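Colleague: Could you take me slowly through one part of this structure, in words that a first-year student can follow? I would like a close look at a single helix and at what surrounds it.

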Amino acid sequence: IGRFVSPKTKLAAMNPEMVTFSSFDVNFCLKNAEQLKDKKVLMYCTGGIRCEKASVMLKRRGVKDVNQLLGGIHRYLDKYGNTGHFKGLNFVFDQRVVQKVSS
């Protein structure tokens with residue numbers, strides 16, 4: 001739906017392409033931990049709650065420097081709107097379905 005884009009490289013953040021969170025460890029961590037183990041990883045989630053669990057999963061697979069966006073995308077968008085580095089829509093778990101980026 002949306003993701004961070006580097007202002008320097010214009011590259012988008014990795015997309016774990018998961019349908020359910022329960023598949024994150026096997027479908028993302030197992031396949032990507034080796035290439036991420038010596039890199040600084042910033043996890044971001046809708047509200048930040050799933051990042052707590054996802055960070056532990058990556059660390060158990062040997063990724064040492066795992067960080068989280070405090071408050072998740074929701075708080076980031078509240079603070080930075082369309083002046084930040086998040087591009088696209090934020091999926092939310094209520095009747096809105098998505099949160100638009102606004103200023």
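Modeller: Before turning to the helix, I will start with a cross-link: the structure, which is a predicted model, holds 1 disulfide. This disulfide is formed by C45 and C51, whose sulfur atoms lie 2.2 Å apart, and the link is right-handed, with 105° about the S-S bond. C45 counts as buried, because its relative accessibility of 16% falls under the 20% cut-off, and C51 is buried as well, at 0%. C51 belongs to the stretch 49-60, which is α2, and that helix brings us to the part you asked about, since the buried residues of α1 pack against α2 and also against β2, which covers 40-43.

The helix α1 itself runs over 24-36, and the residues buried in it are F24, F28, C29, N32, A33 and L36. To read such a list, it helps to recall that an α-helix has 3.6 residues a turn, so residues three or four places apart point the same way. One of the buried residues, C29, has a relative accessible area of 0%, which is why it counts as buried.

The shape of α1 deserves a careful look too. If the helix were straight, its 13 residues would span 18 Å at 1.5 Å a residue, yet α1 spans only 15 Å between its end C-alpha atoms. There is also a kink in α1 of about 30°, and this kink is centred on L30.

Just ahead of the helix comes the loop between β1, which covers 2-4, and α1, and S23 is found in this loop. S23 is buried, because its relative accessible area is 16% and the cut-off for a buried residue is 20%. If we leave aside the neighbours within four places in sequence, S23 is in contact with M18 and with F28, and F28 is among the buried residues of α1.

K10 has its place in the loop between β1 and α1 as well, but K10 is exposed, because its relative accessible area of 62% is over 50%. The phi of K10 is near 65°, a positive value in a residue other than glycine. Most residues other than glycine have a negative phi. Within the loop that leads to α1, then, we have met a buried residue, S23, and an exposed one, K10.

Methods: Residues numbered from 1 in each chain as written. Predicted model: local features only at pLDDT ≥ 70, side-chain atom pairs only at ≥ 80, totals over all residues. Heavy atoms only, no water. Helix = DSSP H or I, 4+ residues; strand = E, 2+ residues; numbered from the N terminus. Buried < 20%, exposed > 50% of the residue type's maximum accessible area, 1.4 Å probe, protein only. Contact = heavy atoms within 4.5 Å. Disulfide = S-S within 2.5 Å. Expected span 1.5 Å × (residues − 1). Bend = angle between axes of the 7 residues up to and from the residue.
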